[in-house]
Amino acid sequence: MDDTGGMLGRASGQGRVYQSSGDQYVSEHHHHYAESPLGLLTDLPSQRTVLRSRATAPDSVRVPLVGRIPVVLRDRSDLMPLLTEAVAGHGGVHVLHGLGGCGKTAIADAIFRRTKGTGNVDGLWVNASERVSFRSGMLAVAADRGARDGELRSAVEGSRAAADLVWHYLDHSPRPWLLVLDNADDPAILEDGGWLRPSPRGTVLVTTRHASHRVWNGAEMHHVDVLPEEDAALLLCDLAPDAGTPEQARTVARQLDCLPLALTLAGSFLGRQLLERWTMGEYEDRLRLNPAELIDQGAESQDSRQLIGRTWQISLDFLEAAGTPESVTLLRLLSCWDASPLPLTLLRSSELDAAGLPALDPALPGRRADAALRGLLAQSLVSLVSLDSPADAPEGHRAERYLRTHGILLDSVASGIPQEQRAPLVAAAVCLLAGEIPEGTTTAVAAGTVRLLAPHLEAVLRRVPDAETAVPAVELGARWSTLMFAAADYRAALSLAEAATATGGGLLGNEHVATLRAGHAAAMALFRLGSYEESERRHREVLRGRTNVLGAEHPETLTSLQELASPLSQAGSLHECIELLRQVDAARTRLLGAEHPDTLYTRAVLIEFLARSEAREGFDRQAARTVEACQQTLGEGHLTTVVARHNYAFGLYKFERWEEAEAAARAALDGRERSHGPDHSLTYSAQTLLSWVLQARGEFREAIEVARRALTGQERMVGEEHPYVLVNRAGLAASLLAAGERQEAGELAARNLDPCMRVLGPDDPATARTRIVLGEAQG
């Protein structure tokens, strides 16, 4: 008897063998044997009885019957020494558990081969994916360890406990052993008869998707996850060394969620192409269209465990058979969202019912949601995580647990959803997200929740299948973008708005009310991010659409007309801005009344443009009166009153009324801090204004202190080359120079000059001011 399993005799059929780049993949590891006179399978040279003919014996229990062997087993540096030591010390039962495709079998194979290479321990390998193959494999192990024909006959016929027979011979094995039970995804197979036992003569290593089951009690559990990014990139380079650079490999690895099976399939595809040689960059571009279909082109077999598009169906089939078909619908629901952490509150039973999930097939009533989730957790399809830092979680979510699912799994599941289920699932996903932020939620709490859930809404917007489902999704995108804008997270606001605009434009049309709202939100965010020309273009598009669809004096049309003034002012069209705002003021006064909040807000905004255009007479006539009207009608704490006060202080500064300006600027800063908090772009704007006033009054030390604080916050919030930041940095450099801090002033001006030239232009006042400060500091 040798290590290749010759003891099992001559086969009447052969396993299929596939060859690729020197790596062998063997599937269908079954041989059917002729029946002996005893009615049992025999090995012809030795006449050793093995199994009855109705059973299917494995080719060998001495060879790992696995898929493609990795060129190098990447990472796993924590597990390999631990398992190697366990095998050397006959270390009980070890269970490798994790998502399908994460490399559990590859680790077991590496340990098996390392063990075999020492010559001190026998390696035994059994396929535990099905009851029949498992029992036949374990009886073959007993035969390998010395079980006699009669004993095997008794076990096969049921007159002797099969598991006891196998473990008797394992416990009395003349040589130590490592027994791998591969793909034990239905732990009940091992539980029936007590097949999983520790032994003083060897080590049991189990691979399974099932993370929690009573049969694992007493075993040492090892979670196997995806690879670290660097090792994932190396795996791609191992298989396709000429397809791209290490950096390109890292990018593709991120797209593949660093899942070993996906990486292996992608690398194999890239490495074996003959007629058309794709680079990793080209593969990444195509990957965005249909990930599962492209990845599976790297497979050499249609074995479900070797296909991204099918491997997780094994787990779902198990859950359906186990009586939790709701897990299928829950995973489909999760696939509408993103792979980033998802708060468990989103899956409250009452909310699931209200979202229509009981009407789906399979039904997911709220009362079954807990069981459905436990099923997914047990099969390692999802995991529970906690956010390490309180800063990572919004207010109200910090004590919760979150769900995390791998992105490649979600893409694969989403691509396989039946067509008739797509719309109701997406509608439910949108409804559940909307329920997380009820109307009237405070801006701070809402913004924190939106920040956490924004990736999930963007994912839903990409999954929307039809116009009816698109309306609430696009509306929610526009509303959440507005919330993020109010919280000064302009990049998140723009991302949400652009995603909603793209979905609305594609399914509803560019002039649908929902699409226009998303487009307006995008234009607002673009302005705050310093993209003035693009903001103006988008505002004009939305204004045309709203005028066509809603009419020239609809409230939303008037809002577009009002907000167009901001990007126009950056192009120097101050008189046009004033005319637009006067037009909006007149319309709102006529339609809403002179003291309506919207009318007062337009007048509060107008104060700034009157000051910037140096319309002193108009400013004197209207500014103070508007501030007073806002105070009396809306109250001191109303945002419109705060805006009016801020713009009034700016006007006093522009017209060099320094003493009045300082008092007004301090009041404006206090109002901004009360309304927005200390860490908000508009609060920093008020600080900057105060620093300008203080510098004009000769209070250089305080001016510098306030300006530094504001500049640091602005740089963090909108970037170091935002136009506002460049202007304010130039102002701080001038204050430093005036205070005698020549070296620091020169360093700051030198840092500012190049971006001023590129972003603002050589003739911009901020560029000229920076140049002057630099010259004087160096002179």
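This note comments on an aromatic cluster and a small group of paired strands in a predicted model.

1. Aromatic pairs. The model contains 13 aromatic pairs. One of them joins phenylalanine 269 to tryptophan 278 in an edge-to-face arrangement, with 5.2 Å from centre to centre and 65 degrees between the planes. The pair is classed as edge-to-face because an angle over 60 degrees between the planes meets that criterion.

2. Burial of the two rings. Phenylalanine 269 has a relative accessibility of 10% and therefore counts as buried. Tryptophan 278, at 13%, also counts as buried. The cut-off behind both assignments is a relative accessible area under 20%.

3. Surroundings of tryptophan 278. Ring pairs connect tryptophan 278 with Phe269 and Tyr283 in a cluster. In addition, arginine 286 is placed over the face of the tryptophan 278 ring, 4.0 Å from the ring centre. Tryptophan 278 thus takes part in the ring cluster and also has arginine 286 over its face.

4. Sheet order. An open sheet is built from three strands, arranged 10-12-11 with antiparallel pairing. Strand 10, covering 342-343, and strand 11, covering 383-385, are the edge strands, and each of them pairs on one side only. In general, the strands of a sheet pair through backbone hydrogen bonds.

5. Contact between strands 10 and 12. Strand 12 spans residues 402-404 and is joined to strand 10 by two bridges, the two strands running antiparallel. Across this pairing, leucine 342 stands opposite leucine 403 of strand 12. Two bridges suffice for the assignment, because strands are taken to pair when DSSP finds at least two bridges between them.

Note on methods:
Residues are numbered from 1 along each chain as its sequence is written. This is a predicted model: local features need pLDDT of at least 70, side-chain atom pairs count only at pLDDT 80 or more; totals for chains, interfaces and linings use all residues. Side-chain values use heavy atoms; hydrogens and water are left out. Rings of Phe, Tyr and Trp (its six-membered ring) pair if their centres lie within 6.5 Å; planes under 30 degrees apart count as stacked, over 60 as edge-to-face and the rest as tilted. Buried means under 20% relative accessible area, exposed over 50%, partly exposed in between (1.4 Å probe, protein chains only). A charge sits over a ring if NZ of Lys or CZ of Arg is within 6 Å of the ring centre and within 35 degrees of the ring normal. Helices (H or I, at least four residues) and strands (E, at least two) are DSSP runs, numbered from the N terminus.
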